Amino acid sequence: MIGAAGSRPRRRDRRAARVARALAAALLVAVPAGWLGLRAWYPVHLAQVTGRSDAPAVSCWYCHATVQDPPRGGVPGDPGYLSPTGLAVSPDGESLFVAASGADRLLKVDLRSGAVARSVEIPGRPHGVAVSADGATVAVSSRDGDEVRLVDAASLEVRATMTVAREPLGLALDPDGSRLFVAGATADRIAILPIHEPERATHLVAGREPYAVALSRDGALLVAVNRLAAPRPPGAVPFSEITLVDTRRETILNRRQLPSAHLSEGVALSADGSFALATAVRVRNLVPITQVRRGAVMNSELVFLETSGAARTAQLPLDSSDAYYADPAAVVLTPDDRLAFVAHAGARTVSAVDVVALRELVARSSDAKLEALADDLGVSARYVLARIPTRDNPGALALSPDGSRLYVAERLADSVAVVDTRGLEVVDRIDLGGPRTLTAARRGERLFTDASITFQGQFSCRSCHPDGNSDGLAWDFDIDGIGQNLVETRSLQGIKDTPPFKWNGKNPDLATQCGPRFAAVLTRSDPFSPNQLADLVTFIESIPAPRRLVPDDLAAARARGEVIFHRTATDAGRELPVSQRCPTCHRPPLFTDRLAADVGTGGAFDTPHLFGLRTSAPYLHDGRSRTLEEIWTVHNPDDTHGITNDLTKAQLNDLVVLLRSF
Amino acid sequence: MSVPRIVSVLLAAGLALAGLAGAGCSRAPEGGGPPEDNPLVVTQVPATTPLPYELDRLAPLDRYPLGSRIVLVEPALGGASVQPLSAGLAAAGAPAVAPDAETIVFAGLRAEGSNWAIYEATPRRTPRLLVDTGTDCLDPAFLAAGKLVFSCASGDGETPAAARTWSLYTADPRGGSASLQRITFGPGSAFDPTPLQDGRVLFSLGRRRSGGTLPGDAALFTVNPDGTLLEPYHDAHRPGAWYRARQADGAVVSLLAGTEQPKVQLARLGAEDPEGRTPETVSLHTEASALSPGASGAGPVAVRATAAEPLAGGGLLVAGYAGPAGAPGTAAIYRREPGARLLRVAFDSEAWHEVEAVALAPRPAPRGQPSRVDLDSGTGTLLCLDARRSDGVLGPPPDAPAAVRVVVEALVATGSLPGLAPGAPAAADTALASLGSAPVEADGSFYLEIPADLAVRLRTFAAGDRPIAASGWFWVRPGENRMCFGCHEPRTTAPVNRPILAISREPSRLDGAQ
């Protein structure tokens with residue numbers, strides 16, 4: 001029994017051993033054969049997919065990892081920070097209305113108690129706030145909703161919702177409450193909306209990305225400033241604009257150019273409307289970045305602009321040669337026009353400016369002298385009275401009706417500082433609430449917007465990447481050779497899954513991009529610590545891609561553009577080489593294959609993603625193309641950037657409509 | 001109590017205990033106390049030494065005669081606790097306190113006839129030698145990440161003082177001799193370095209003071225810790241000698257010795273306007289009663305400073321003599337509180353002159369600066385944006401013809417100026433040589449490749465070799481891309497944002513530079 005019983009296992013063992021030997025033999029043959037086959041197949045596959053024989057070998061994961069469409073709008077994991085971006089004081093001085101952009105709410109603060117008395121949901125990232133002259137109505141813009149809501153000032157009940165220009169930001173209400181004036185940033189328009197007939201709105205062209213508006217007390221004059229400079233060819237001096245609007249006729253009076261200015265985000269008008277003050281950054285992008293000293297890269301400036309008469313314009317520094325106050329974000333004027341206050345978002349500072357001294361300086365200076373003063377960092381000591389420290393990322397400003405109190409929105413501290421405008425110091429602080437803990441992304445955003453990372457605090461990451469986007473300028477970094485390698489600032493929106501980074505694609509991840517070399521090349525100060533770097537990367541990876549934008553009247557054009565984008569043959573029926581098809585390099589959903597390509601612009605450059613193209617002009621690695629159209633009509637004569645020369649004008653328009661919708 | 005404060009108190013306590021064993025002091029410092037009672041690190045010079053009241057008139061090596069020492073003083077105890085920190089050394093001076101207040105460094109002379117070196121004061125032990133270059137080194141100061149900057153003299157004790165020049169060096173005490181790096185390259189002497197909060201090194205550049213004579217001109221300059229980007233800190237052409245500059249809360253205070261008369265003032269240069277159209281003079285007076293109880297009816301007495309240090313929050317620490325020249329008494333340490341008008345005596349001893357003091361208190365650490373120096377490169381570049389841009393006084397006048405050519409001149413060592421090995425400061429014997437010339441573009445720009453670590457200056461010429469202007473002396477470090485905005489342009493000007501013709505091609509190589 002024992003022997004009979006034991007024979008079956010032995011047979012099984014022998015069988016198993018035979019199977020194992022066979023499998024091993026098979027593997028011995030199959031693995032090398034498979035490996036050899038894979039090696040033979042891989043370049044073929046790579047060539048098929050890229051249409052190129054020179055594509056670098058990458059891992060399977062590089063292309064086949066599950067990649068989602070990047071998040072659009074909102075920061076994942078944000079615990080509900082308030083992030084106040086807009087302030088307005090009621091005419092009786094008793095209430096402060098706060099646009100809490102991060103929490104999609106409008107807050108009403110009782111200024112006697114310093115507490116939030118009420119709040120209401122305002123979807124779509126509320127940004128700007130204005131109160132009607134009678135104090136009854138509050139207007140709030142919704143940046144992502146393309147809307148303005150009219151809210152009852154007492155109850156905070158939403159009374160009306162109006163669709164306005166794309167990405168409405170700054171706004172103002174007519175003294176009689178009949179019309180709204182709204183800066184529509186990505187529409188490049190100022191919208192004038194009759195409140196009771198918003199469908200009869202007037203849209204005025206107003207430079208690139210109108211950001212803030214100021215209305216004269218009589219409502220006759222509107223002044224708007226633009227965040228970005230107009231796209232210009234490499235080597236040309238950039239300029240921003242200030243737009244003056246005759247509100248009665250609803251026509252543009254003037255578009256005043258400001259050479260070398262951009263990021264103009266704040267504007268205030270004098271009581272009589274005779275002059276305006278605007279904030280701006282004076283850039284020196286045509287000067288190679290060999291040093292970050294004496295404003296060689298940029299400095300903050302205050303623009304003085306006469307609205308009538310001689311209509312003189314002066315661009316005057318807010319910094320001094322050894323002390324910088326980056327990212328001027330807003331300006332207000334006291335009712336008597338004697339003092340102005342400027343919030344420096346990157347410097348945790350508000351500057352107090354003696355407007356009388358500033359005007360005297362302008363009055364006694366010739367135009368040539370004023371031009372020279374724009375680059376004289378020694379002149380600010382003549383009109384800057386004080387630097388008032390605040391908490392993180394001060395932005396919006398509002399004055400009490402009598403001008404005795406200045407309210408400063410400390411965006412990344414969820415608080416409002418109260419400044420005594422006579423003592424020029426913070427005398428109180430309003431805690432708006434919000435989460436007490438700081439997430440890695442929030443800490444990273446504080447770093448991103450803090451110019452203290454740079455030598456003497458001259459600029460922050462945000463100075464070149466407003467809202468994570470591009471400043472639209474090309475720069476010359478000396479590390480690549482002076483005068484030879486202009487590179488346009490790339491948008492950071494939606495880039496989480498799009499490594500490598502840098503136009504030459506040398507940085508495999510964001511930690512490398514923002515690491516010690518970055519400090520040596522650009523910030524010229526201590527590099528980020530490892531913990532700071534981790535926080536910063538977390539924040540940058542959380543910057544959402546811009547929302548998709550498909551206006552109803554362009555839906556058909558976009559659909560036609562989609563066909564062109566994915567076409568495999570020319571109109572004449574000739575098959576397009578794989579390498580010359582749009583999706584080969586701009587592979588959805590990221591719209592990049594993350595490989596370098598030579599599109600005939602002087603070398604191989606990292607293929608950029610296409611998110612937010614409508615706002616990230618100029619294009620190509622050195623910004624040589626001012627518009628999307630120019631990429632193919634001017635800079636693609638030999639079809640090196642896709643075969644496009646067979647496209648008709650209408651087809652190209654459709655393709656551009658598609659690209660502007662990403 | 002903050003952690004740094006605890007650390008400083010513990011260090012003081014440790015030093016005091018060491019002093020109890022070694023110096024027989026009867027009282028140990030107590031913890032706590034207001035910030036103004038921070039321990040002081042003081043340089044004492046024997047009162048038997050006949051010191052003039054203005055130390056700027058002394059050659060640097062005469063500042064600290066034999067017997068001078070570094071001590072730790074506890075003002076809270078009325079000066080009863082005086083703990084030597086330089087025990088075993090023949091002389092010591094120039095103390096500096098690390099940002100965390102845990103480390104003190106100073107210059108020490110091991111024995112008569114030896115050279116001055118940089119030491120660390122170590123509680124309970126004899127001072128630890130940190131840096132010895134084999135030549136005299138003084139004035140250590142802390143940079144970011146624990147690095148030190150100091151000035152070292154050329155020559156040796158046999159060299160006449162007037163013939164010795166001083167250069168700045170940096171070293172990482174943890175990095176050994178390999179970390180020693182020269183960062184200034186003359187001509188003239190660089191001395192009294194101090195860190196600025198933004199990471200730069202502020203120092204005096206000029207003719208070094210020599211014994212018994214009026215001071216030479218010395219202006220304040222800045223340089224990066226790696227020796228790049230030498231720049232004047234203020235109007236460098238103002239006469240007088242600026243020295244012993246120190247920064248706190250953004251503002252810089254510096255002693256200023258006039259050339260008209262041997263009078264020393266304390267001047268303040270504000271952070272917002274360091275050019276100082278008129279530098280603010282800081283009044284230094286003390287109550288006569290503070291010096292002598294019987295003099296209670298007398299008015300304030302001037303204090304002639306030998307050293308001063310601004311304190312965080314607006315206070316001031318001053319070492320000096322009170323009363324007119326020749327008055328009896330010794331130099332003492334004074335303190336002025338924020339907002340106060342007069343100095344009060346913080347510490348005085350009859351047996352010693354107190355000639356300088358620094359608070360043993362935490363202070364903001366200077367920012368670091370990543371170095372772009374490439375020691376494998378023998379050259380750097382200079383890009384001038386517009387040679388026509390000028391102050392109209394020292395630079396080309398407004399009606400000057402356009403420059404078409406720039407000549408680079410160098411101070412070539414008849415001794416060993418170029419190519420110095422670390423630790424071998426420059427010799428004073430130099431000669432002027434032309435390194436070659438390059439074209440100036442129509443927009444006034446030029447772009448040059450220049451031999452590194454060599455004192456050079458530029459001279460511009462119009463057509464017909466008509467001289468237009470000459471620059472001051474400067475140098476470029478290996479691999480440095482230096483940029484100047486004009487030719488003696490006002491120091492406050494930023495570049496004009498415009499296309500630059502010179503960078504459309506490679507930098508001009510100087511045919512005379514080998």
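Entry 1. Terms before looking anything up. I take buried to mean under 20% relative accessible area, exposed over 50%, and partly exposed in between. The model I am reading is predicted. I started with Asn653(A): its relative accessibility is 30%, so I put Asn653(A) down as partly exposed. I found Asn653(A) in helix α13 of chain A, which covers residues 649–661. I then took the C-alpha to C-alpha distance from Asn653(A) to Pro618(A) and got 17 Å, for two residues 35 apart in sequence.

Entry 2. Chain A as a whole. I counted 13 helices and 33 strands in the secondary structure of chain A. I checked the radius of gyration against the globule rule: for 662 residues a compact globule would come near 26 Å, and chain A has 29 Å, which agrees. Along the principal axes, I get a box of roughly 110 × 70 × 55 Å for the C-alpha atoms of chain A. I also looked at burial, and 58% of the 662 residues of chain A count as buried. For contacts in chain A with a separation of 6 or more, I noted that 52% are between residues 24 or more positions apart.

Entry 3. Surface and charge of chain A. I read an exposed area of about 26100 Å² for chain A, with 53% of it supplied by carbon and sulfur atoms. I list 73 positive and 77 negative side chains in chain A. The centres of these two sets lie 9 Å apart.

Entry 4. Gly444(A) and its helix. I located Gly444(A) in helix α5 of chain A, residues 440–448. Is Gly444(A) buried or exposed? The relative accessibility of Gly444(A) is 0%, so I enter Gly444(A) as buried. Gly444(A) shares this state with other residues of α5(A), including Ala441(A), Arg442(A), Glu445(A), Leu447(A) and Phe448(A). What do the buried residues of α5(A) pack against? I find α6 (461–464) and α9 (530–542) of chain A. Setting aside neighbours within four places in sequence, I have Gly444(A) in contact with Asp535(A), Leu536(A) and Phe539(A). I also took the C-alpha separation of Gly444(A) and Ala372(A), which is 38 Å, with their positions 72 residues apart along the chain.

Entry 5. Thr381(B). I moved to chain B, where Thr381(B) lies in strand β26, residues 379–384. I count Thr381(B) as buried because its relative accessibility is 10%. Which side chain does Thr381(B) join in a polar contact of 2.7 Å? I find the side chain of Asn481(B). Beyond four places in sequence, I list contacts of Thr381(B) with chain B residues, among them Tyr447(B), Leu448(B), Glu449(B), Val476(B) and Pro507(B). The contact list of Thr381(B) also includes Ile482(A), from chain A, as well as Arg482(B).

Entry 6. Asp386(B). I placed Asp386(B) in the loop of chain B between β26 and β27 (403–413). Asp386(B) has a relative accessibility of 13%, so I count this loop residue as buried. I noted a polar contact of 2.8 Å between the side chains of Asp386(B) and Arg388(B). With neighbours within four places in sequence left aside, I have Asp386(B) in contact with Asp443(B), Gly444(B), Ser445(B), Phe485(B), Gly486(B), Cys487(B) and Arg498(B).

Conventions: Residues are numbered from 1 along each chain as its sequence is written. Chains are lettered from A and ligands numbered from 1 in the order in which they are written. This is a predicted model: local features need pLDDT of at least 70, side-chain atom pairs count only at pLDDT 80 or more; totals for chains, interfaces and linings use all residues. Side-chain values use heavy atoms; hydrogens and water are left out. Helices (H or I, at least four residues) and strands (E, at least two) are DSSP runs, numbered from the N terminus. The radius of gyration is taken over C-alpha atoms; the globule rule is 2.2 Å times the number of residues to the power 0.38. Buried means under 20% relative accessible area, exposed over 50%, partly exposed in between (1.4 Å probe, protein chains only). Contact means heavy atoms within 4.5 Å. Accessible areas come from the Shrake-Rupley method with a 1.4 Å probe; for residues, only the protein chains shown count as cover. Lys and Arg count as positive and Asp and Glu as negative; His and the chain ends are not counted. The place of a charge is taken as NZ of Lys, CZ of Arg, CG of Asp or CD of Glu. A polar contact is a pair of N or O atoms within 3.5 Å; within protein, one must be able to donate a hydrogen and the other to accept it, and residues adjacent in sequence count only if both atoms are side-chain atoms.
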